[in-house]
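Hello,

Here is the structure I promised to pass on to you. Have a look at it first, and then read my notes below.

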Amino acid sequence: LAGFPSALDGHVFIADGAGGGSWTYPVEGQDTALDGQVFISDGIGGGAWDSPTNQPNAEIYVSGGTTGHTLAAASAYSLLNPAGEWTAGVTNVLTSTPGSGHLNLDKAGNYYISFWANFTTASIATGSEYKFKYALDGVPSTRLFQISKFTNGADKLAISASGIVTATAGQELAIYVAGGGVSSSTNITVTEAGLQALYLS
């Protein structure tokens, strides 16, 4: 075949359908792919080289929080973002914006997400409710997880939840919180918390 003596190691001859062709790598980008990377198809005729163990993830957390968060009135949901309390945790590929209480879901696809929090309440009636939802781009999900006070004092409560979320590239993941009929407009103080996202596919 023409050009065989000058073909590089790993090249194959790709016919052009018109009696000619050229020597090239069998998969585009193979010459610049990093050690250990594999070609991952995008399902529409293209794809990219990436590490199969390069699992995109990100987290933000609160440690030793002391800032009160005033719940919105009338059970309305508001971004859980006590000023200056969220801290960037471990990230890989994905990014976080702790100052805004967000994880940035930079890749389109399915994510495993988890959230947990320890928080203190106001001294209000037993059974008063605290409601949490995840939100994408500021729009709270219909999924609800909640907890109720077990005394009429200043309780210390813990809550956690997890699930799988489908996101478009660049959406922001955050936690929103609301009170119930009694706890709305009162304060909670998140002392410890974590929000994580792990890209699945």
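How many salt bridges does a search of the whole structure find? The search finds two, where a salt bridge is a side-chain nitrogen of Lys or Arg within 4 Å of a carboxyl oxygen of Asp or Glu. Before the details, please note that this is a predicted model, in which local features need pLDDT of at least 70 and side-chain atom pairs count only at pLDDT 80 or more, while totals for chains, interfaces and linings use all residues. Residues are numbered from 1 along each chain as its sequence is written, and side-chain values use heavy atoms, with hydrogens and water left out.

One salt bridge joins the side chains of K131 and E129, at 3.9 Å from N to O. K131 is buried, because its relative accessible area is 18%, and buried means under 20%, exposed over 50% and partly exposed in between (1.4 Å probe, protein chains only). E129 counts as partly exposed because its relative accessibility is 28%. The other salt bridge pairs D155 with K149, at 2.8 Å from N to O. Both D155 and K149 are buried.

Now to the interior. The largest nonpolar core has 34 residues; such a core is a set of buried Ala, Val, Leu, Ile, Met, Phe, Trp, Tyr and Cys residues joined through side-chain atoms within 4.5 Å. Among the residues with the most contacts inside this core are L80, F115 and L173. Several strands each supply at least two of its residues, including β11 (109-123), β12 (129-136) and β17 (187-199); strands are DSSP runs (E, at least two residues), numbered from the N terminus. The largest share of this core, six residues, comes from β17. In soluble globular proteins, nonpolar side chains tend to be buried together. If you leave aside neighbours within four places in sequence, L80 is in contact (heavy atoms within 4.5 Å) with residues that include H69, W86, F115 and V190.

S128 is a nice spot to zoom in on. This serine sits in the loop between β11 and β12, and S128 counts as buried because its relative accessibility is 4%. Its side chain reaches the backbone oxygen of A125 at 2.7 Å. Not counting residues up to four places away in sequence, S128 touches I147, S148, K149, V182 and S183.

On the surface, Y112, I164, L198 and L200 make a nonpolar patch of about 330 Å². Patches are made of residues with over 30% relative accessible area and no salt bridge; like charges are joined within 9 Å, and nonpolar side chains (Val, Leu, Ile, Met, Phe, Trp, Tyr) within 5 Å. The areas come from the Shrake-Rupley method with a 1.4 Å probe, and for residues only the protein chains shown count as cover. Y112 belongs to strand β11 and is partly exposed because its relative accessibility is 36%.

Last, a look at strand β8 (residues 87-92), where N92 lies. A polar atom of the N92 side chain is 3.1 Å from the backbone oxygen of Q55. V93 lies in the loop between β8 and β9 (95-97), and V93 has a positive phi of about 75° although it is not a glycine. S75, in the loop between β6 (68-70) and β7 (78-79), has a positive phi of about 60° and is not a glycine either.

Best wishes

Notes: Helices (H or I, at least four residues) and strands (E, at least two) are DSSP runs, numbered from the N terminus. A polar contact is a pair of N or O atoms within 3.5 Å; within protein, one must be able to donate a hydrogen and the other to accept it, and residues adjacent in sequence count only if both atoms are side-chain atoms.
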